[in-house]
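User: I'm new to reading structures, and I'd like a close look at a single part of this one. Could you walk me through it step by step?

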Protein chains: 2
Amino acid sequence: MLNQHPRRVTRADVAREAGTSVAVVSYVINNGPRPVAEATRQRVLDAIKKTGYRPNGIARALASGTTRTYGLIIPNIANPFLSSMAHSLQQEAFEHGQVLLLGDAGDNRQRELELINNLLHRQVDGLLYTSVDRHPYIELIQASGTPFVMLDRVDPALNVSAIRVDERAAAFQATRHLTEHGYRDIAIICGPREMLNTQDRISGWREALQTARLPVKEEWIFSTTYTREGGYQAACRMLEGTLPRALFATNELQALGCLRALSERGIKVPEEVALVCFNGTVESEFNVPSLTHVRQPVKAMAKAAIEMLKNWNGTPELREFSFDLLIGESCGCCPTLIK
Amino acid sequence: MLNQHPRRVTRADVAREAGTSVAVVSYVINNGPRPVAEATRQRVLDAIKKTGYRPNGIARALASGTTRTYGLIIPNIANPFLSSMAHSLQQEAFEHGQVLLLGDAGDNRQRELELINNLLHRQVDGLLYTSVDRHPYIELIQASGTPFVMLDRVDPALNVSAIRVDERAAAFQATRHLTEHGYRDIAIICGPREMLNTQDRISGWREALQTARLPVKEEWIFSTTYTREGGYQAACRMLEGTLPRALFATNELQALGCLRALSERGIKVPEEVALVCFNGTVESEFNVPSLTHVRQPVKAMAKAAIEMLKNWNGTPELREFSFDLLIGESCGCCPTLIK
DNA sequence: CTGAAAGCGCTAACAC
DNA sequence: GTGTTAGCGCTTTCAG
C-alpha cells in the first residue's frame, strides 16, 4: 500500500464530479459494454477533464485479465536485424493497442530464462521469442498457456507457432548466386554448429555447391559467433589457409567483420573475394561495397506475428515467408565503384 | 472478468495446500515484511512447487503500487546508438528487477505522445526519454508525478533530470581533431537545425574553427535528418559545390550515408576528404575505413540513468559524462589500409 | 509467528 | 440507461 504517487484521481472522483456511478464512467471510457446517454456521456467527459483523471492500466489489467502487453525475447537488441524487427513489431503491436516489453537476453541463456519467467509473471498477453540457442524454453511458455510465436526456426517436432523464412532455401539461393558467377571455391562463415539455423544455412550452402557439382570441403566451413568480432576472427582463420574465391556469411554482422579483416590484408571485395550474406538490413545497402544479401520481409513478418498472437487459439501455426536476394556490389554483379 | 487463462493457481490454493493463511504465503514469497518460521516456510515452498503456483505480477503491482517496469521512449530502436543504449538500459534495469517497456516512436512526434500517455497509464515506475524533436512532452510527464530522466539535451530552463555528455565540447573536440590535422575547409553534416543537440554540435564545430582561426562558412553547414539517407543526400548536395577537405558528421548514420555518396563518386576517405563523426558505435570501428568518432560511455550512462530513476526524489539532477574521441582511419591519422 | 481482513482501481454481471 | 456490487490476486496493517 505504498502508493508512491501522492493521491491519484480515481474513477470514483470522476463519478462524484459527474454525479453518476462508477460504472457509467467505465462505460464512457471503454465505449461499452453498455450504452450511455449522450448528456451523461458529456458530463462524464467534462468531469474527466476537470479532475485530470487517468485510468489506471494496472487495475484495468487485473480486472479484465488482459495487460495489452506483449513480451519480446531476443538475444540482443544491438543486432541490426533484431532491432529492425523489434521496431516493426512495436509499430505493428501499437496499432493494435499493445505495447512491447523488451527482453534482451544479452546473448545469455540464463538471462533468457529469467526474462521469460519475468515476463510470464507479468501476465503478458503473448510472447514473441527468438532464443539465443537451439534449446528454447518452449515447455515453460506452453505450460503457462500464454500465446506465443517463435521468430526463429525450431525443431519441427516441438509443434509451436512460428514465423520464418525457409533459411535452407535462402542459403541455397545466396550460394547459388555465387556459383552462377562461376566461382568454384566458396567458403561459408556460419554460426555455432549446434544451432538449427546454422545447420539450415550450411545445408543450403552445401546443396548449392552440390547442385553446381562443386566439391564441398569441410575445411571451408568457418563456424563462429553471430557477431562482427566472430566474422572478423573467422576471416582471420580463413586467411591462414588458401583463400576461397567467394564467401557466404550467414549474417550481416559476420559479413561486416569479415570485410574488415579482408581489407586489413588488402584483399579486395568482390575482385579477389566475392561475398554474399544472410539477413542483411539497410546497413548492407549503404556499406561500401554494398552487400549482396538475403533480406527477410521484416515488416510483413512482424505484422503476421502480431496477428498470430492476437488471433491465438492454441493450435500451432507455421507461417513461412518468401525472401529476397538483394544484389549489391559485394558479389561482383554490379559495376565496381571507382576506387 | 474474461480471464483468458483457464484457471490460474492462486495464492489461496497454495495456502490451502500448505495449511496456512494467504498472508504467510506472501511473506514467504517476498521474504517479508514479517518473518516466517522455517517449518512453515518449507511447507509453503513445497505447496508452491506442488501446485505450480506463479505469482501474478499485475495483482502485485496493483496492491503494491509499483510495477517494476520502466518505460523507454526513443525515436527509433533501429538507430544503432539507441539500440546499444536500449541494450545497456535493459541489462542494467534487469539487475534491479525492473523490465523495460519499449516505446519506439518511429520518428513520429504524434506517436511519441501516444506512447508517453500509454506508458504513463501503465503506471511505469519511471520513464527514460529521448524525444524525436526539440519539444519534448515534459509537462505531461511531470504532471503525472512519474520519475523520469531525459537521455538527451533539453532546454536548461525546463529543470528536469537528464544524463548527457557535453555535446558542444564533444563536437568541438572532434572538429579540433580535424583542424589539428591541418585541414582548413571543414564542413558539417548536421541534423534538423531546430533541434538543440544539432545546435550544440554546430556550436562546437563553429568554435573549433574559430579557435583555429579558420573561416566559418554558412554554406558548409548541411542540415538533414539523422539517418543514413540524410547523410547520403547531404553529401550529394555538398558534391555539387566545392568539396571541403574534411567533414564532421553529427551522427554515425549520417557518416555512413555520406561515405556511401563519396565512394560512389570515387572520392577517397581520408585521402581526399577526412571524416569524423558523433555518437559512433562498434559499427564505426568495423567499418572500412574505420571512423574516427566521438563515443559516449553508454554503459555508464545507462547505469546512472537507472540509478536516478531508482533513487528519484523529485529534485532534478543533471549528470554529465565525459566522452572519448576514438581514432579510426577516416580522419587520416592512422596508416591507411592498403587498397 | 500467524491469521483475518481491508484495500489497490477497475470491469462487468446483475438489478432496477 | 444507470446504479450496485462482487470479484481480479495480491500486499500489508492490525489482532491475536
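Analyst: Let's start with A:Gly182, which sits just after α8(A) and takes a positive phi of about 95 degrees. Before we go on, this is a predicted model, where local features need pLDDT of at least 70 and side-chain atom pairs pLDDT 80 or more, while totals for chains, interfaces and linings use all residues. Residues are numbered from 1 along each chain as written, chains are lettered from A and ligands numbered from 1 in written order, and side-chain values use heavy atoms, without hydrogens or water.

Now the helix itself (a DSSP run of H or I, at least four residues, numbered from the N terminus). Helix α8 of chain A covers residues 167-180, and its 14 residues should span 20 Å (1.5 Å times one less than the residue count). Its end C-alpha atoms are 19 Å apart, which agrees.

At the N-terminal end, A:Asp166 acts as a cap: one of its side-chain oxygens lies 3.2 Å from the backbone nitrogen of A:Arg168.

Next, its surroundings. Of the 14 residues in α8(A), 10 are buried (under 20% relative accessible area, with a 1.4 Å probe and protein chains only), so the helix is largely enclosed by the rest of the structure. Among them are A:Ala169, A:Ala170, A:Ala171 and A:Ala174, and the buried set also includes A:Phe172, A:His177 and A:Leu178.

For a look beyond the helix, chain B holds an open sheet of 6 strands (DSSP runs of E, at least two residues) in the order β7-β6-β8-β9-β10-β12, with mixed pairing (at least two bridges between strands). There, β7 and β12 stand at the edges with a single partner strand each, so one side of each lacks a neighbour in the sheet.

Note on methods:
Buried means under 20% relative accessible area, exposed over 50%, partly exposed in between (1.4 Å probe, protein chains only). A polar contact is a pair of N or O atoms within 3.5 Å; within protein, one must be able to donate a hydrogen and the other to accept it, and residues adjacent in sequence count only if both atoms are side-chain atoms.
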